[in-house]
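Here is a short briefing to read with the structure open beside you. Please keep the view at hand as you go through the points.

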Amino acid sequence: MQANDLLKMLRDMRDVCFATVDEKNLPQIRVIDIMLVEDGRIYFCTARGKDFYAQLLRRP
């Protein structure tokens, strides 16, 4: 199975959990709605007021 196949499986599920770490290396679990899978990439939405949005800007 190729990576793009796995990404498409995630897209079919739509709501998936992603784990990240914050500045203190503490785990942060987030439910993400995958909007699109294209060219081996996933696209998702997050609100600007959310901690996740700020974290992505600080540590993309």
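Let us begin with Phe 52, which is buried, with a relative accessible area of 8%. Please bear in mind that this is a predicted model. Phe 52 has a partner in the one aromatic pair that a search of the whole structure finds: Phe 44 and Phe 52 are stacked, at 5.9 Å centre to centre and 20° between the planes.

**The aromatic pair**

- Is Phe 44 buried, exposed or partly exposed? Phe 44 counts as partly exposed because its relative accessible area is 31%, and the class runs between the under 20% of buried residues and the over 50% of exposed ones.
- Phe 52, by contrast, falls in the buried class because its 8% is under the 20% cut-off.
- The stacked label fits because the 20° between the planes of Phe 44 and Phe 52 is under the 30 degrees that the class requires.

**The chain as a whole**

- The chain holds two helices and three strands, and from the N terminus on these run α-β-β-β-α.
- Along its principal axes, the C-alpha trace spans about 35 × 20 × 20 Å.
- Of the 60 residues, 15% count as buried.
- About 4,900 Å² of the chain is exposed, and carbon and sulfur atoms supply 55% of that area.
- If you take the contacts between residues at least 6 apart in sequence, 30% of them join residues at least 24 apart.

**Around Thr 20**

- Thr 20 sits in strand 1, which covers residues 15-21, and is partly exposed at a relative accessible area of 22%.
- How far apart are Thr 20 and Phe 52 in sequence and in space? They are 32 residues apart along the chain, and their C-alpha atoms are 9.1 Å apart.
- Setting aside neighbours within four places in sequence, the contacts of Thr 20 are Leu 26, Pro 27, Gln 28, Arg 30, Phe 52 and Gln 55.
- With Arg 30 there is also a polar contact, side chain to side chain, at 3.5 Å.

**Helix 2: Gln 55 and Asp 51**

- Gln 55 belongs to helix 2 and is buried, with a relative accessible area of 7%.
- Which residues does Gln 55 touch, not counting those up to four places away in sequence? They are Thr 20, Val 21, Asp 22 and Arg 30.
- A polar atom of the Gln 55 side chain lies 2.4 Å from the backbone oxygen of Val 21.
- Asp 51 is also placed in helix 2, which spans residues 51-58, but Asp 51 is exposed, with a relative accessible area of 61%.
- Between Asp 51 and Asp 22 there are 9.7 Å from C-alpha to C-alpha, while the two are 29 residues apart in sequence.

**A nonpolar patch on the surface**

- Which residues form a nonpolar patch on the surface? They are Met 1, Leu 6, Met 9 and Met 13, and together they have about 450 Å² of accessible area.
- Met 9 has its place in helix 1, residues 3-13.
- Met 9 is eligible for the patch because its relative accessible area of 39% is over the 30% that patch residues need; by the burial classes, Met 9 is partly exposed.

Note on methods
Residues numbered from 1 in each chain as written. Predicted model: local features only at pLDDT ≥ 70, side-chain atom pairs only at ≥ 80, totals over all residues. Heavy atoms only, no water. Patch = residues over 30% accessible without salt bridge, like charges linked within 9 Å, V, L, I, M, F, W, Y side chains within 5 Å. Areas by Shrake-Rupley, 256 points an atom, 1.4 Å probe, with all protein chains shown as cover. Salt bridge = Lys/Arg side-chain N within 4 Å of Asp/Glu carboxyl O. Helix = DSSP H or I, 4+ residues; strand = E, 2+ residues; numbered from the N terminus. Buried < 20%, exposed > 50% of the residue type's maximum accessible area, 1.4 Å probe, protein only. Contact = heavy atoms within 4.5 Å. Polar contact = N/O pair within 3.5 Å; in protein donor to acceptor, adjacent residues only side chain to side chain. Phe/Tyr/Trp six-rings, centres within 6.5 Å; stacked < 30°, edge-to-face > 60°.
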